[in-house]
Amino acid sequence: MERWQGKVAIVTGASSGIGAATVKALAKAGLITFGLARRVERVEELKSDLPGDAKDRLHSIHCDITKEEDILAAFRQVEEQCGGVDVLINNAGLAKGGVGVLDAGNTQVIRDVVDTNLIGLVLCSREAFQSMQKRSVDGHIVHINSVVGHTVPAFQSFNIYPATKYGVTALTETMRHELRMAGTKIKVTSISPGLVRTEAIPDAMKRGQTPILEPEDIADGVLYVLGTPPSVQVHELTIRPVGEKL
């Protein structure tokens, strides 16, 4: 991770769960880290978990990932403060269980999930790439995907969530080709966790016997892929709890 010391990272969906664990891990690792979230005060509260020097490296920006104007403003603020972004962690995600794809009146649910999981991810990746390319930076874009972006369990309806995560899988490959054809050495990685203990998981599952990962396990995965040599690209990293049935 030495080559990322003093470099700039953006993490979306940074107010809780994987995003919160990731901004703390990156700040501790020496990166100037911007946590984007709607609940921006919760990102500020994370500073209390960090030692002095890391605390100074963590910054928060209010951003609704479903609004392009928020995304553009956030990246503009990072550019004005630090020159641009070197690492992007596309973590913001939304799942809406209990509502089927074929259920009546589900249009807003579908739009919310697609806008968060796909459109927001693409727009953030676009802005990060433009920043990296303009400064000739060999940066890294990481998508927090899901195991349901590779296979869809049959025991419940995930609504359009798996479709968006399959989209992230395809976008990772699409971006890899575009980055290569643009003549850059910017990396792109998909990290696909199994079940993770976050606010989105029902309390019954957190308390039960279902194997579950901690957000810090995924943050460790982020540090691992960032820490690979410049010539090595981890294209897909799957992280499952031992004994998971999915």
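Where is the place of R3? Select R3 and you land in the segment before β1. Before going on, a word on what you have open.

**Ground rules**

This is a predicted model, where local features need pLDDT of at least 70, side-chain atom pairs count only at pLDDT 80 or more, and totals for chains, interfaces and linings use all residues. Residues are numbered from 1 along each chain as its sequence is written, and side-chain values use heavy atoms, with hydrogens and water left out.

**The whole chain**

Zoom out and switch to cartoon. The protein chain shows eight helices and seven strands; helices (H or I, at least four residues) and strands (E, at least two) are DSSP runs, numbered from the N terminus. Put a box along the principal axes, and the C-alpha atoms fill roughly 45 × 40 × 35 Å. Why does the radius of gyration agree with a compact globule? Because 246 residues packed that way would give a value near 18 Å, and the protein chain has 17 Å. That radius is taken over C-alpha atoms, and the globule rule is 2.2 Å times the number of residues to the power 0.38.

Now colour by accessibility. Of the 246 residues, 49% count as buried. Buried means under 20% relative accessible area, exposed over 50%, and partly exposed in between (1.4 Å probe, protein chains only). As a surface, the protein chain exposes about 11600 Å², with carbon and sulfur atoms supplying 52% of it; accessible areas come from the Shrake-Rupley method with a 1.4 Å probe, and for residues only the protein chains shown count as cover.

Colour by charge next. The mean positions of the 27 positive and 29 negative charges are 2 Å apart. Lys and Arg count as positive and Asp and Glu as negative, while His and the chain ends are not counted; each charge is placed at NZ of Lys, CZ of Arg, CG of Asp or CD of Glu.

One last global number: among contacts between residues at least 6 apart in sequence, 71% join residues at least 24 apart. Contact means heavy atoms within 4.5 Å.

**Back to R3**

R3 counts as partly exposed, at 35% relative accessibility. Show its surroundings: leaving aside neighbours within four places in sequence, R3 is in contact with D138, K187, L226, T228, P229 and P230. Then draw a distance from R3 to G194: C-alpha to C-alpha they are 30 Å apart in space, and 191 residues apart in sequence.

**Into the core**

In general, nonpolar side chains in soluble globular proteins tend to be buried together. Which residues have the most contacts inside the largest nonpolar core? Select I89, I144, I191 and I218; the core they belong to has 31 residues. Its members are buried Ala, Val, Leu, Ile, Met, Phe, Trp, Tyr and Cys residues joined through side-chain atoms within 4.5 Å. Highlight β1 (8-12), α1 (17-28), β4 (87-90), β5, α8 (215-226) and β7 (236-239), each of which supplies at least two residues of this core. The largest share, five residues, comes from α1. A second, separate core of 29 residues includes L88, M132, V168 and L179.

Centre on I89 for a closer look. Not counting residues up to four places away in sequence, I89 touches I10, V11, T12, T22, L26, V142, I144 and V222.

**The loop between β5 and α6**

Three stops sit here:

- V147 lies in the loop between β5 and α6 and counts as buried at 5% relative accessibility. Beyond four places in sequence, V147 touches S192, P193, G194, T238, R240 and L246. The C-alpha atoms of V147 and L195 are separated by 8.6 Å, with their positions 48 residues apart along the chain.
- T151 is found in the loop between β5 and α6 as well, but is partly exposed, with a relative accessible area of 40%. C-alpha to C-alpha, T151 and S16 are 26 Å apart in space.
- N159 is in the loop between β5 and α6 (161-181). Its phi is near 55°, a positive value in a residue other than glycine, and N159 counts as buried at 8% relative accessibility.

**Two last selections**

Buried or exposed: which is S136? S136 is exposed, with a relative accessible area of 67%. You'll find S136 in the loop between α5 (107-134) and β5 (140-144), with a positive phi near 55°.

Finish at G52, in helix α3 (residues 52-57). G52 counts as partly exposed at 46% relative accessibility. Draw a distance to K28, 24 residues apart from G52 along the chain, and the C-alpha separation is 9.8 Å.
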